[in-house]
Each structure stands twice: as C-alpha cells, then as structure tokens.
Amino acid sequence: MNLSRRLEKARGTEPSLAVVEEKHDPFVLAKDVAEPATLGRIHDVKTAETAQAAEVIELSPTAAAASGALSALKERASAALYERLGARITDSSLEESELHQFVKDELKVVVDEEQVPLSSSERQRLIREIIDDVLGHGPIQRFLDDPSVTEVMVNRFDQVYVERAGKLMLTDTKFASDDALRRVIERIVSKVGRRIDESSPLVDARLADGSRVNAIIPPLAVNGPALTIRKFGGDALTVQKLIAFGSLSPEMAELLQACVLARMNIIVSGGTGTGKTTLLNALSSFIPPSDRIVTIEDAVELQLQQDHVVRLESRPANIEGKGEIAIRDLVRNSLRMRPDRIVVGEVRGGECLDMLQAMNTGHDGSLSTVHANSPRDAIARLETLVLMAGMDLPLRAVREQVASAVNLIVHISRLRDGTRRVTHITEVQGMEGDIVTLQDAFIFDFAAGVDANGRFLGKPVPTGVRPRFTDRFADLGIRVSPHIFGAEMGRGR
C-alpha cells in the first residue's frame with residue numbers, strides 16, 4: 001500500500017467500515033467488505049430511525065504507521081530546511097514577505113529531495129505545517145488564529161492547555177521536541193529585540209498583535225521550556241461591550257466616565273488574568289482627545305484610541321548586564337514630557353512612589369493597575385510597593401501619600417463561572433488616624449446565587465452612599481444621573 005493511501009487512512013478519509021442498507025434491516029455491517037486490518041473496536045450501534053455509522057475509536061496499525069511516516073517526513077524536512085536557511089531565518093533586514101517566499105522556495109526543494117509520493121493536498125498541508133513551524137508558532141498557531149481562545153499555555157513540549165470562555169482545557173496538540181518549542185520561543189522574543197538563553201532564562205515579550213508572551217527555559221524550568229501567551233483581540237473591548245458582557249453596569253460606566261473627565265486618579269486592581277489591562281483600556285477611552293497621554297509599560301499592551309499618545313516601553317539589560325531601562329526611569333522621564341495624563345500599565349516596584357508623587361504634583365487624571373485581591377488589599381499593596389523604592393519613609397507618611405494621590409479604586413475579579421466582573425468601585429476618602437478610609441460606591445451582589453449552568457445571577461448594585469468626589473463634578477460642570485447611587489442620592493448624606 002503506497003504512502004498516499006496510508007495517509008488517507010490516517011486522516012480517516014478512506015472508510016474502514018461499510019454500512020449496507022437493506023430493505024428490512026438498515027444496519028447490516030458488511031464486515032466482509034472492510035479489510036480486517038482496518039477494523040477497530042466499535043461502539044454498540046443502537047437501532048433508530050436515523051442512525052449513523054458506528055464509531056471506530058481505535059486507530060488501525062496501518063493508519064498509525066502512515067501517521068508516523070508523515071510525522072517522520074515532516075521532522076526530516078524541517079531539519080533540512082533549518083540547515084539550509086542558517087542565519088537568514090533571524091535576519092531582521094529581510095521583509096516578512098521576502099522571508100516567506102524564500103522559505104517556500106527552499107521548502108519545495110527539500111520536499112522534492114525526499115522523493116516521497118504525495119498528493120497535491122498532502123503536499124500543501126505538509127508545506128503549510130512546516131512553514132508554521134519555521135516562521136509561525138508551530139502547532140499552537142491554530143489556537144492563536146482561533147478567536148474563541150483567550151490564552152495558550154505550553155507547560156512542556158507535549159502538554160498544551162488553552163483557555164476558552166474562562167475555562168482551562170487540555171488539548172491533544174504537541175510540539176515535536178523541546179528544541180522545536182525552544183525555536184518558537186526564540187523567534188518570538190527576537191522580533192521584539194529581547195533574548196532568552198541560559199544566562200537570561202526568562203523573558204516577557206509580545207506578539208505583533210499585542211498579545212502578551214512569557215517564556216521560561218531550563219535551568220529555571222525543570223520540565224523543559226514553558227510558554228504562556230495571553231491573546232489580545234484585534235479590536236479593543238469598549239465600555240459598551242463590557243456592559244453587554246455583564247462586566248460593568250451602565251450606572252458604573254456613567255460614574256467612571258465622570259471620574260475620568262474630572263481628572264481623578266484611578267487604580268484598577270485585581271488578580272492575575274482578571275482583565276485589568278482590558279478595563280484600563282476601556283477607561284482610557286473616556287480621556288478627551290485634546291489631552292496629551294504618556295503610557296509606560298513593561299511590554300506594550302495598551303490600545304489607546306486617541307491620537308496624542310506617546311508610548312514608552314522598558315528595556316531589559318543586555319548580555320553584559322548593562323543598558324537596563326526600568327519602569328521607574330520611564331516614569332521619571334515622563335514628567336519632563338509635558339503629559340496631561342500618565343498611564344502606567346502596571347506598578348509592581350519602586351516606580352509606585354514616583355507615580356504617586358506625579359499624582360500629587362499636578363498630573364491629575366493618571367491611571368494604573370496593581371495586583372490585589374480587594375480594594376483594601378490594593379491600598380496595602382501600594383504601601384508595600386512604595387517601600388520597595390528604598391526610601392526610609394515612615395508608614396504614616398506613605399499612607400498619607402497614597403490617600404492623597406489615589407481618588408478611586410476599581411476592583412475586577414474573575415469569578416468561579418469564568419466571567420470577569422467589576423465587583424467594587426471604591427472611593428479613597430482620606431485618613432482617619434493611621435488608617436486609610438475607604439467607602440464603596442458599588443459592590444457586586446453575590447446573594448442572587450447561580451443559575452443551572454453555574455453562572456452567577458448577581459449584578460453590581462449601588463450602596464446608596466454618595467461619594468464625596470461628586471461635589472467636584474458639580475464644580476466642573478459634569479452631570480451624572482441622580483439615580484446611579486441609589487435612593488439616598490437625592491437626600492445626600
């Protein structure tokens with residue numbers, strides 16, 4: 001049996017089981033028609049008006065051999081192609097289209113040299129898969145192209161998880177080896193001027209569409225290279241879409257728009273993967289187009305829609321351990337760039353002190369995110385990050401800085417049902433003694449329970465307390481609907 005026929009069997013395009021329809025018995029299995037070698041273990045077929053052929057759930061030895069032959073051919077062709085390409089595959093002077101065409105031409109030569117009989121469709125499929133390995137992202141490319149997948153997690157070369165609708169699931173996708181996974185990682189990081197090797201075995205990078213990439217290799221990764229890609233959609237999620245998804249309520253959105261227009265300093269808090277950057281993007285859409293915005297990030301992710309935006313990105317140290325430009329350096333530099341708004345993608349170190357200083361010295365309307373489990377934890381986290389700046393400041397002075405700089409905390413959570421919801425909008429009111437006082441304006445109502453599918457039925461509800469900063473709205477001529485804070489809004493406090 002030739003390779004083409006074996007490949008057809010491997011893909012299941014050639015039936016290994018015939019079903020013969022007779023007048024009195026529509027389910028006669030014609031075992032004599034099928035080859036014995038192609039018969040697998042078959043599920044019981046129940047009699048029904050409209051029945052389907054039985055499911056063969058064991059791969060036949062012939063099909064398995066064909067699949068193995070195709071995999072072996074793919075590995076040989078990939079290795080030969082890498083050998084022919086050499087350094088040209090990472091040559092930054094080549095245009096992407098030129099590189100693709102060069103790889104296609106070389107690959108055709110490599111496949112021809114194998115002298116394996118392949119049909120036209122098999123040949124195209126083989127070339128496409130090898131080009132994905134060499135120029136794309138290998139076997140995970142299909143997940144990156146799938147809009148329903150929000151995150152791809154490669155724990156090791158033979159274990160790939162994806163996230164769909166907030167739920168993690170194991171896939172049957174595998175890389176050929178650790179080396180194949182390592183090549184994909186190196187290709188990603190080299191495109192953004194980063195590097196990964198034994199002396200620098202972990203890296204944060206991004207794809208061309210803005211998706212966030214984290215990679216880590218041995219000796220830090222014990223089981224082999226690991227890769228995590230958090231995808232970014234082609235279109236930024238708007239506030240209207242967040243309302244449609246149930247992440248925000250219309251009343252919340254109206255309040256947040258008023259807060260941004262009133263140039264209040266806002267911190268978005270939440271855990272890993274809760275959607276802090278997405279919410280920060282949505283809030284930034286309320287910034288007037290006349291404002292000059294400076295964004296500061298470790299790896300560029302923000303998708304601001306305004307024209308007057310300067311985007312800054314930190315830089316790691318080079319191979320000699322020199323040339324690092326940290327977030328803190330960029331925050332300091334941004335103050336000399338005449339910003340109306342400073343947007344820091346995430347504060348996770350001493351730059352928190354510089355950001356709070358900027359908020360307290362005329363740069364109102366700044367936005368940032370921080371990892372925390374609640375608004376109260378966000379305050380404690382900001383205090384800790386300020387102390388990481390290395391300044392020997394008393395704790396009360398730090399808390400006064402935080403209470404004076406931050407006006408509002410918006411907390412977002414990923415719930416058990418996989419949805420991401422804004423669970424708190426909290427005003428920072430000031431200091432009482434040594435404690436930073438907080439007052440919730442909106443909280444998520446968990447008391448409504450869950451439906452039959454395990455989805456939370458609750459929604460954000462106002463606490464009925466009017467925030468003090470609404471007086472600032474009146475001074476600036478910013479109107480909000482009287483009903484958004486609940487019944488007590490009209491009577492005040």
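## Exercises on a predicted model

T437 is buried, at a relative accessible area of 14%; buried means under 20%, exposed over 50%, partly exposed in between, with a 1.4 Å probe and protein chains only. This is a predicted model, where local features need pLDDT of at least 70, side-chain atom pairs count only at pLDDT 80 or more, and totals for chains, interfaces and linings use all residues. Residues are numbered from 1 along each chain as its sequence is written, and side-chain values use heavy atoms, with hydrogens and water left out.

**Exercise 1.** Place T437 and list its contacts beyond four places in sequence.

Solution. Start with the element: T437 lies in strand β16, residues 435-444. Strands (E, at least two residues) and helices (H or I, at least four) are DSSP runs, numbered from the N terminus. Next, the contacts, meaning heavy atoms within 4.5 Å. T437 touches R376, E427, V428, Q429, G430, M431 and E432.

**Exercise 2.** Check the length of helix α6 against its expected span.

Solution. The expected span is 1.5 Å times one less than the number of residues. Helix α6 covers residues 178-191, which is 14 residues, so it should span 20 Å. Its end C-alpha atoms are 20 Å apart, which agrees. Now look past the helix: G193 follows α6 and has a positive phi, near 75°.

**Exercise 3.** Which residues of α6 are buried, and what does V184 contact?

Solution. The buried residues in α6 are A180, L181, R182, V184, I185, R187, I188 and V189. Take V184: its relative accessibility is 2%. Leaving aside neighbours within four places in sequence, V184 contacts H137, G138 and F175. V184 and L135 are 49 residues apart in sequence, with 8.4 Å between their C-alpha atoms.

**Exercise 4.** Describe how α12 packs on α13.

Solution. Helix α12 is residues 375-387 and helix α13 is residues 395-405. Their angle is about 120° and their axes are 10 Å apart. Axes are lines fitted to C-alpha atoms, for helices over the stretch in contact, and angles run from 0 to 180 degrees between N-to-C directions. The pair is therefore oblique: under 35 degrees is roughly parallel, over 145 roughly antiparallel, 65 to 115 roughly perpendicular, and the rest oblique. I379, L382, E383, V386 and L387 of α12 meet L395, V398, R399 and V402 of α13.

**Exercise 5.** How many disulfides does the whole structure hold?

Solution. Apply the cut-off: a pair of cysteine sulfur atoms within 2.5 Å. The search finds zero. Then check two cysteines for burial. C259 is buried at 0% relative accessible area. C352 is also buried, at 0%.
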